[in-house]
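Student: I'd like a close look at one part of this protein: the aromatic side chains. Could you walk me through them, and then through whatever else is worth pointing at?

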Amino acid sequence: MIDDLDELAAEADRAARENRWLEAAFLYERARERETAPQRAAELATEAAYAWYHADRSYRALELVLEILRGPPDAINAWVRSETARLRYYVAFDDPRPERLARLLEEACTSADALYDGASSDSAGMRADVARIMGDWPAALEHCEVAWSRGADRGRIHRAWHAEIAAETCLVLGRTREAHRWMTCVEDFADIHWIRRSAAELRLDLAVAENQAQTARSALLRVDELIATEQAPWARNRVEMTGVRALLLDPGNGDPGDPSHLARHRLAQSGPFETTPYRDLLTAYRRRHVEATIELAALRHGAGVPPVDDFYYLRPQTAPAPSAPPPGMADRVRRARAASAAAVEAGTLADEPLGCTWRADLARELLGRTEELAAVFGL
């Protein structure tokens, strides 16, 4: 057991850099208990709150924030004020309400900008994040570019995160060359574990988006290696979903309609985890979307259509010439339709609290591709 205050804080920092969030949270809390200087104790409590949040313990993160804000006024410096405002904004996504989110976002951005002469990279990064969550991809990219341009010394959010979000956004927008450039920016900071993992995830995303099955397989192995110690459930869930899509690209894996297909096996291994009600909706949507992707891949296989990625969809599916349906095709169409409809429903539930439609719209595209192939066989 570590008793020295400096050693506790240093070990907590190491755990946080490696995304061992539960360990970091406990260590920061222990360090805070031993710290006698009120301001430093508040800073350690703030670090603990972020660690709890990343470990999907938002209730504890919010408890700590409230304890800090109710504590001695002289303990709350501008840094603590900014960080607690940002965390309150993040936690609000556990029960999203557009008006409240907008208010908390402005409070967090104002506090962050106050630390950096009115132009914080953190404020631009937060605006990028909310735009991405709302499905406003052009605005998300614009804010990421602003955040990056403000440099490394105008915020606490690491520059690699801005580059990572920019790369992901470029892929959604179909701008793969820009995505490659942003990925290189992330790799420039690969001396930190979580950034190495982020860079590996981007390589996986790029391979999947570009339908490079073998490259995606290798990238997935690397991501799985780096995420083995990950203690943020949402991050593991995201990788599991991308991994399923990567496995669907390789015709050598056989028929996606087969219950023993690797993609179905990987999805089955990504079990539920403790989270918040709204994150439950997001998790349900991601799962329904990838289930529909599997059934659509099975439909393509039965139709003799080459596999494509259905999230980025940079290479559209090809439809064969009209013909009589081969054996089992009607059942494949039925399953794909049902899975796509379930994804639309889950997307609608996840979109509604935010007042957007992009998740449901994405699922409707799966249904449209299903109907395109069904029409070929008159089904």
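Student: How many aromatic pairs does the structure hold?

Tutor: Keep in mind that this is a predicted model. The structure holds 9 aromatic pairs. Let's start with Y89 and Y90, whose ring centres sit 5.6 Å apart. Their planes meet at 40 degrees, so this pair is tilted: a stacked pair would need under 30 degrees, and an edge-to-face pair over 60. Y89 and Y90 are both buried.

Now turn to W137 and W358, which make an edge-to-face pair with 80 degrees between the planes and 5.2 Å from centre to centre. Here the pair links distant parts of the chain, since W137 belongs to helix α8 (residues 137–149) and W358 to helix α17 (residues 358–376), 221 residues apart. Like the two tyrosines, which are buried, W137 and W358 are both buried.

Go back to Y89 and Y90 for a moment, as they belong to a wider group. Ring pairs tie them into a cluster with Y50, Y53 and F93. Y50 has a charged visitor too: R156 lies over the face of its ring, 5.6 Å from the ring centre. You'll find another such arrangement at W148, where R159 lies over the face of the ring at 3.7 Å from its centre.

One more tryptophan deserves a click, this time for a polar contact. The side chain of W52 makes one with the side chain of E29, at 2.7 Å. E29 lies in helix α2 (residues 21–34). Is that glutamate buried or exposed? At 11% relative accessibility it falls under the 20% cut-off, so E29 counts as buried.

While you have the model open, check the backbone at two spots. Most residues other than glycine have a negative phi. D117 isn't a glycine, yet its phi is positive, at about 55 degrees. You'll find D117 in the loop between α6 (98–115) and α7 (121–133). With 75% relative accessibility, over the 50% cut-off, D117 counts as exposed. The other spot is Y313, also a residue other than glycine, with a positive phi near 50 degrees. Y313 is in the loop between α15 and α16 (329–351).

Last stop: the empty spaces. A search of the whole structure turns up 2 cavities of 30 Å³ or more. The largest has a volume of about 70 Å³. Its lining is made by R245, L248, L249, T293, A297, R300, P307, V308, D309 and D310. The elements giving two or more residues to that lining are α13 (233–248) and α15 (277–303), and α15 gives the most, with 3 residues. By class, the lining has 5 nonpolar, 1 polar and 4 charged residues.

The second largest cavity comes in at about 40 Å³. Around it you'll see A213, A216, R217, A246, L247, D250 and N253. Two or more of these come from each of α12 (213–226) and α13, with α12 giving the most, 3 residues. This lining divides into 4 nonpolar, 1 polar and 2 charged residues. Notice that α13 turns up again: it gives two or more residues to the lining of the largest cavity and to that of the second largest.

How values were computed: Residues are numbered from 1 along each chain as its sequence is written. Side-chain values use heavy atoms; hydrogens and water are left out. On a 1 Å grid over the protein atoms alone, a cavity is a set of points where a 1.4 Å probe fits but cannot get out, and a pocket is an open set with protein on both sides within 12 Å along at least five of seven lines; lining residues have an atom within 4 Å of a point. Grid points are joined across faces, edges and corners, and a volume is the space filled by probe spheres set on the points. Helices (H or I, at least four residues) and strands (E, at least two) are DSSP runs, numbered from the N terminus. Ala, Val, Leu, Ile, Met, Phe, Trp, Tyr, Cys and Pro count as nonpolar, Asp, Glu, Lys and Arg as charged, and the others, Gly among them, as polar. Rings of Phe, Tyr and Trp (its six-membered ring) pair if their centres lie within 6.5 Å; planes under 30 degrees apart count as stacked, over 60 as edge-to-face and the rest as tilted. Buried means under 20% relative accessible area, exposed over 50%, partly exposed in between (1.4 Å probe, protein chains only). A charge sits over a ring if NZ of Lys or CZ of Arg is within 6 Å of the ring centre and within 35 degrees of the ring normal. A polar contact is a pair of N or O atoms within 3.5 Å; within protein, one must be able to donate a hydrogen and the other to accept it, and residues adjacent in sequence count only if both atoms are side-chain atoms.
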